[in-house]
Amino acid sequence: MIRRLLGGLLAVILSISLPAVSYGAARVYSTEVENRIGTGDVRITLEEYELDALGREIPYQDGKRVVPGQRISKIVKIVNRAETAWIRAGVEYADAEGMTDDHLELEPGWVRRGAYFYWMQPVQRGEEICLFRNIRIPSEWDESRSEQSFSLTVTAQAIQADNFQPDFQGEDPWFGVPIEACGHGESEGSGEPGNQEFAIVFENGSEGFVRTGEDFFGNFSQLMPGDEVTDSVEIGNRYGRNIGIYFRTEIPDQEEKAMELLEKVELTIRNGGKEIYRGALGAEGLRDGVCLAENLAKGETVDLSYELRMPRELNNAWALREAGVRWIFRAEYDLPSGSSGGGSGDPGDSHETQLEREPGEIQVPAYIPEPVRQMVEGVLPKLGDVSRPGFWLVSLGCGIVLLLCACAVRKEKRKESGDGRDGKTS
């Protein structure tokens, strides 16, 4: 009877303890970065002024009466309201027989090629350039033109300076590029490119990822057709276990124009010299996830470089678009045998689901009955090696069973000896 009870007790102990050493689990942590990407704009305004009696610039007033040979104050300025651009201007004369470009007092910096005047330098955002300041009425006009009107029409055009270089030696410095009308509103722009450094580092199991930088595209200004921009982010591990780091994207809900932009922008990702992705920024392949680093050891880092390319053929219809995409980084590591995984979760989970251990702390799987847990924690030595609590529990349980078995055997032997002596005296 005693042997059967002890055998049952041993089976119960093994059924409680052995699962703690029979499998491992994985812990998963993640962090995300919201990235914004936008297209630039080419936009200029043409403004006309004249000088008043005190020499101050005031808006130009049409309808003036002039006489042959008169010098008229007419100041024509072109202001760049968006991205850096090349600018040209044309002047047309209506009912002004005998008037030519020679009657315009051009400002230095312009060159005449074909039907246009070209400014020889790129014009920055907010910069203004002056085409001319005065017009001379032809002196050969006589009384025959009395009470007749004439007009000058000035047009200005701009083309992006990025990825475009005019040839001012030819008659068509802009190579016949078609000029489209501006069909959008005011451009606020994104300012100058930044110089932030970005990093994603896995610190430890209780804190998870530590992130440097809020927008990995923040160093880019608004992109123009043909732009190719590059940047990098450092991926690292400061945790005591080897980890794997994975990457995927998630596309938040946004306007259809934004979704179209994500399909046009090409993204290339490299881990060191190895290309791990090339395709559209909004492609399904990125949403499935890619591995950035396997078995990354403590203190080890890798440089993740990425390049964004805006197709050169995009026209004015793509100006001033903005889209967002989330970059989600995931770290995984396997728990050693004897650990109980609570499944994946955020680093803010309760202590029961966090499997981090301080040196000397005894950890026993949560499904061990409380009396047994207290007994184990009170008996086991605090040696600092707590990676196999299940093993120690099994060993302790087996030891108790063997001790009970030995005591039971000795008791039975004593009883048998006593029964024998009783038989002799009967």
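**Sheet, cores and ring contacts in the predicted model**

Five strands line up as an open sheet, in the order β3-β2-β4-β9-β6, with antiparallel pairing. Strands here are DSSP E runs of at least two residues, helices are H or I runs of at least four, and both are numbered from the N terminus; two strands count as paired if DSSP finds at least two bridges between them. At the edges stand β3 (57-59) and β6 (104-106), each with a single partner strand, so one side of each has no neighbour in the sheet. Neighbouring strands are turned by 35° against each other on average, direction ignored (the axes are lines fitted to C-alpha atoms, for helices over the stretch in contact, with angles running from 0 to 180 degrees between N-to-C directions). At one edge, β2 (residues 44-51) pairs with β3 in the antiparallel sense over three bridges, and Glu 50 stands opposite Ile 58 in β3.

A word on the model itself: it is predicted, so local features need pLDDT of at least 70 and side-chain atom pairs count only at pLDDT 80 or more, while totals for chains, interfaces and linings use all residues. Residues are numbered from 1 along each chain as its sequence is written, and side-chain values use heavy atoms, with hydrogens and water left out.

Now for the overall picture. The protein has six helices and 19 strands, and 40% of its 426 residues count as buried (under 20% relative accessible area; exposed is over 50% and partly exposed is in between, with a 1.4 Å probe and protein chains only). Of the contacts between residues at least 6 apart in sequence, 78% join residues at least 24 apart, a contact being heavy atoms within 4.5 Å.

The largest nonpolar core has 47 residues, and Tyr 306, Trp 327 and Phe 329 have the most contacts inside it. Its largest share, six residues, comes from strand β19 (residues 322-334). A second, separate core of 26 residues includes Trp 119, Val 123, Phe 132 and Val 154. A core here is a set of buried Ala, Val, Leu, Ile, Met, Phe, Trp, Tyr and Cys residues joined through side-chain atoms within 4.5 Å.

As for aromatic pairs, a search of the whole structure finds 23; rings of Phe, Tyr and Trp (its six-membered ring) pair if their centres lie within 6.5 Å, with planes under 30 degrees apart called stacked, over 60 edge-to-face and the rest tilted. Tyr 116 and Tyr 118 have ring centres 6.4 Å apart and planes at 70°, so this pair is edge-to-face. Tyr 116 is partly exposed at 23% relative accessibility, whereas Tyr 118 is buried at 2%. Tyr 306 and Trp 327 also pair edge-to-face, at 5.1 Å centre to centre and 75° between the planes. Tyr 306 lies in β18 (residues 301-309) and Trp 327 in β19, so the pair ties together parts 21 residues apart in sequence. Both residues are buried, and ring pairs link them with Phe 198, Phe 216, Phe 217, Phe 220, Phe 247 and Phe 329 into a cluster.

Phe 150 sits in the loop between β9 (128-136) and β10 (151-160) and is partly exposed, with a relative accessible area of 25%. Not counting residues up to four places away in sequence, Phe 150 touches several residues, including Val 66, Met 99 and Trp 141. Another of these is Ala 96, which is 54 residues away in sequence but 5.3 Å away in space, C-alpha to C-alpha.
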